[in-house]
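Please open the model in your viewer and keep the sequence panel at hand. The tour below moves from one selection to the next and says what is to be found at each.

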Amino acid sequence: MNNIEDLLEKASKKDINIPPKIEYKIQYALRHKNKSNKGYSIKKLITVVASLMIVLVGSVSVYAAFGGTIAGKPIMEWIGIKFSDEYDNYKENVEEQEINYNETKVDLVSTVCDDAFTILEFDVKLSKEDKEYLRLGESIVTEEDLEEAKQRDENTDSNIMQGRNYKFLSESKDTLNTVQLIFFGKEEDQNGKITYINDPTCSVIIDGEKIWTRTVQTVSKISDYEYKVYQLILLNDEKLNGKENFKITLNDIVLGNTGERKKTENGVQLVNTPNNARFINIGGNFEVNASKEKTLQDTKVINPEDVKINYKNMTKKVEEVSITPLQIVAKVTTKIDNVSLQNLSNTQNKDYIGLIDFKVYDNDNNELVSTFFETKRTITYENGIKEEWAPGDIGTYKDFKNATMDITEYIIIEKKDNINGIKIIPFERADSTNEGNELGELNIDFN
């Protein structure tokens, strides 16, 4: 797995999860890969990165770090999201949203809406037959996988790759299967052939309109036959067009298996193999009315004046900060002038800007748990024509110069008591760690 081409191939097939801290390596490889191979698109990368897996946080237990609940609150610190203890006060129970497939049952039991996210809570109860078919609790690496890997190793002409496939799979044998819920999880071609989508990230239907958005799923095991699943969906004002009340519809429900999340030395984890992957098309759909009204009533919105930093041709500005009962949400806009293909893709260009991440501190200089999502990227060419690009895209399929790029990002920040302000520090990543070139401070006073 030291070979970046292998990593990209496995990532594109959804056979591994990519943690945020090494996302930059995948981004860089995609940017500098042979331009004639267009199979590795940035959109595919974003789908991979939307899985957002495997960063162990501090001394939190494995159960807490990789999913689960504490007093009803989902634990998602492993992706940089930490909810306040007020979570239960804003949870809305859902009735009569149940799908039965023989003796297997999936219940949608609650929703929580915040300024940035909607969280759907599911209970999954499996029959003995379906539990065994999904190989839950068994290794994701099958004997067939090992035999095929051994044959590939024997047939390779590369001295570097000899033994690598078998070694990698052998090291993943202790990864056990857990359950995943997949929405819009099947595709049918014109001949009626059905293909299952091994990806818990999803589109959603909001008030009858299908939209693509970022999602995260976390799963915890209750017993051998029972699992708790939380689906977190990014639904901010951009996605909802300002709606406070809306209907969420999820169709074509598929129950699948995937590897349990765990800590690995290099941060890369195998989560499935072709011989292990199992899908149960339970069908049906969920429809639920959701509302932000309750949280918005207790949300404070701050529009800071002229809080921005400049770096090369880039300006980052804090447009809005929402202090909700559950978390703090900062909207940051970025404008980059004189954009060209060269200064987006060539690391040696004097105007090149690497991947920008954020650290966030409270008024006592304590670092807060945080993560961020890019939600919009627009390029305006020299002739005035505008294009909307996928998040993270750098347009390597065309040559251009003297353009302007506008980016919108949301930073989701841990909320603690007695915070009177926050300090956001954008930094340009130097490597796979959180170290890099700090670009300045964005200070927001809450008073």
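**A hairpin, a sheet and a helix**

In this predicted model, begin by selecting Ile205, which stands opposite Lys210 in β12. Widen the selection to strand β11 (residues 203-206) and strand β12 (residues 209-212), which pair in the antiparallel sense over 4 bridges. Between the two strands of this hairpin lie 2 residues, and Asp207 takes a positive phi near 50 degrees.

Next, select β8, β16 and β18, the 3 strands that form an open sheet in the order β8-β16-β18 with antiparallel pairing. Because β8 (177-182) and β18 (279-281) stand at the edges, each with a single partner strand, one side of each is left without a neighbour in the sheet. From one strand to the next, the twist averages 25 degrees. Within this sheet, follow β8 alongside strand β16 (residues 254-259), where the antiparallel pairing runs over 6 bridges, and pick out Gln180, which stands opposite Gly256 in β16.

Finally, turn to helix α6 (residues 143-155), whose 13 residues reach 19 Å from the first C-alpha to the last, close to the 18 Å expected at 1.5 Å a residue. Which residues of α6 are buried? Colour Asp145, Leu146, Ala149 and Asp153, which are the buried ones to examine here; seen down the axis of α6, the buried residues fall within an arc of 95 degrees, so they line one face of the helix. Showing α7 (164-171) as well reveals part of what covers the buried residues of α6, whereas the face of α6 turned away from its buried side carries the exposed residues Glu143, Glu154 and Asn155.

Terms used:
Residues numbered from 1 in each chain as written. Predicted model: local features only at pLDDT ≥ 70, side-chain atom pairs only at ≥ 80, totals over all residues. Heavy atoms only, no water. Expected span 1.5 Å × (residues − 1). Buried < 20%, exposed > 50% of the residue type's maximum accessible area, 1.4 Å probe, protein only. Arc of directions from axis to C-beta. Contact = heavy atoms within 4.5 Å. Pairing = 2+ DSSP bridges. Axes fitted to C-alpha atoms, helices over the stretch in contact; angles between N-to-C directions.
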